[in-house]
Amino acid sequence: MLLNDKVALITGGASGIGEATAKLFKAEGAEVVLTDVDEVAGMRVMHEIGSGAHFLQCDVTSEEQVRAVIGEIAEKYGRLDCAVNNAGVTGVPANIEATSLDNWMKVTQVNLTGVFLCLKHEISQMLIQGMGSIVNVSSGAGLIAVPSMAPYCASKHALLGLTKTAATENLTRGIRVNAVLPGSTKTPLLERTLSISDDMEEMILNSIPCGQFGRAEQIAEGIAWLCSDRASFVSGASLNIDYGTVCR
Ligand SMILES: NC(=O)c1ccc[n+]([C@@H]2O[C@H](COP(=O)([O-])OP(=O)(O)OC[C@H]3O[C@@H](n4cnc5c(N)ncnc54)[C@H](O)[C@@H]3O)[C@@H](O)[C@H]2O)c1
């Protein structure tokens, strides 16, 4: 199996891409610790996966909570092999002149500061072990403009710089850091975006070459491979998983 006996942390694991990733990681042999702010949904996913899955409530914007989660993992398993920094939010859609500072702060806190805090504590633990693999979940919005989603777009662009820096700092220390850039994927996050206007679904589908939304399981496959030892020569990479949407 791809992730046999790996100990893996997945943030935002209670829904969508994080949930699919947690389920795939378990199927591929990993011990899975999923975290999320949403305790009810997190417990549901943990019970659906069954043995070998654990849920810890954690807000990625709280350094205290992130530190506590990594500490619990280290105490229980003695190591953290893989980490998927997936928790993210889109915020309230609006052009920049109508975007509140509060909305800007909330989105960048989760999507950027949250990943920074996770990286900081994951890398600290992985340095003790001398090995580890981390995947940050960016977005196609990390490469191209998305009108009315400036905080989301800016945070996902910045996440690529953060990923490359983390990868470079750790090239000689046994820790690989990569990013995936999902295209529009059918999850509760996308459903919320689609509900903004009647023509939103058609507009987004028209931008995808195959005319179909991605499935969370398809994104999870790329994440699992990057985390696995089969990607042992891959660090600092950004993997688009979007059926060619942003490469054209
Ligand atoms: N669905 C898409 O089309 C799409 C496309 C590109 C990138 N992404 C990215 O993929 C990731 C997962 O998105 P999804 O579509 O599965 O969304 P989702 O809303 O289904 O799941 C996101 C999860 O993150 C959790 N979360 C939110 N804020 C948090 C916080 N502060 N601390 C901990 N957990 C928190 C939520 O409770 C939720 O369970 C996000 O980073 C998103 O930006 C999604």
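Reader: Buried means under 20% relative accessible area, exposed over 50%, and partly exposed is in between (1.4 Å probe, protein chains only). Which of those words fits Cys82?

Author: Cys82 counts as buried, because its relative accessibility is 1%. Before we go on, this is a predicted model, where local features need pLDDT of at least 70, side-chain atom pairs count only at pLDDT 80 or more, and totals for chains, interfaces and linings use all residues. Residues are numbered from 1 along each chain as its sequence is written, and side-chain values use heavy atoms, with hydrogens and water left out.

Reader: OK. How many disulfides does the structure hold?

Author: The count is 0, where a disulfide is a pair of cysteine sulfur atoms within 2.5 Å.

Reader: Why does Cys82 have no bond?

Author: Because the closest cysteine sulfur, in Cys227, is 4.5 Å from the sulfur of Cys82, which is too far for a bond.

Reader: And what about Cys118?

Author: Its closest cysteine sulfur is in Cys58, 6.3 Å away, so that is too far for a bond as well. Cys118 is buried, at 4% relative accessibility.

Reader: Changing topic. Which residues come nearest to the ligand?

Author: Ser15, Asp36, Asn86, Tyr152 and Thr187, out of 28 residues around the ligand. A residue is near a molecule or strand if one of its heavy atoms lies within 4 Å of it.

Reader: What sort of residues are those 28?

Author: The shell has 13 nonpolar, 11 polar and 4 charged residues. Ala, Val, Leu, Ile, Met, Phe, Trp, Tyr, Cys and Pro count as nonpolar, Asp, Glu, Lys and Arg as charged, and the others, Gly among them, as polar.

Reader: Where do side chains put an N or O atom by a ligand oxygen?

Author: Thr187 does so at 2.5 Å, and Lys156 at 2.9 Å. A polar side-chain atom of Ser15 lies 2.6 Å from an oxygen atom of the ligand.

Reader: How much of the ligand does the protein bury?

Author: The protein buries 93% of the 820 Å² that the ligand exposes when taken alone. Such areas come from the Shrake-Rupley method with a 1.4 Å probe; for residues, only the protein chains shown count as cover.

Reader: Which helix gives the most to the shell?

Author: Helix 6, with 3 residues. Helices (H or I, at least four residues) and strands (E, at least two) are DSSP runs, numbered from the N terminus.

Reader: Last one: is strand 2 largely enclosed or open?

Author: Largely enclosed by the rest of the structure, because 5 of its 6 residues (31–36) are buried.

Notes:
Polar contact = N/O pair within 3.5 Å; in protein donor to acceptor, adjacent residues only side chain to side chain.
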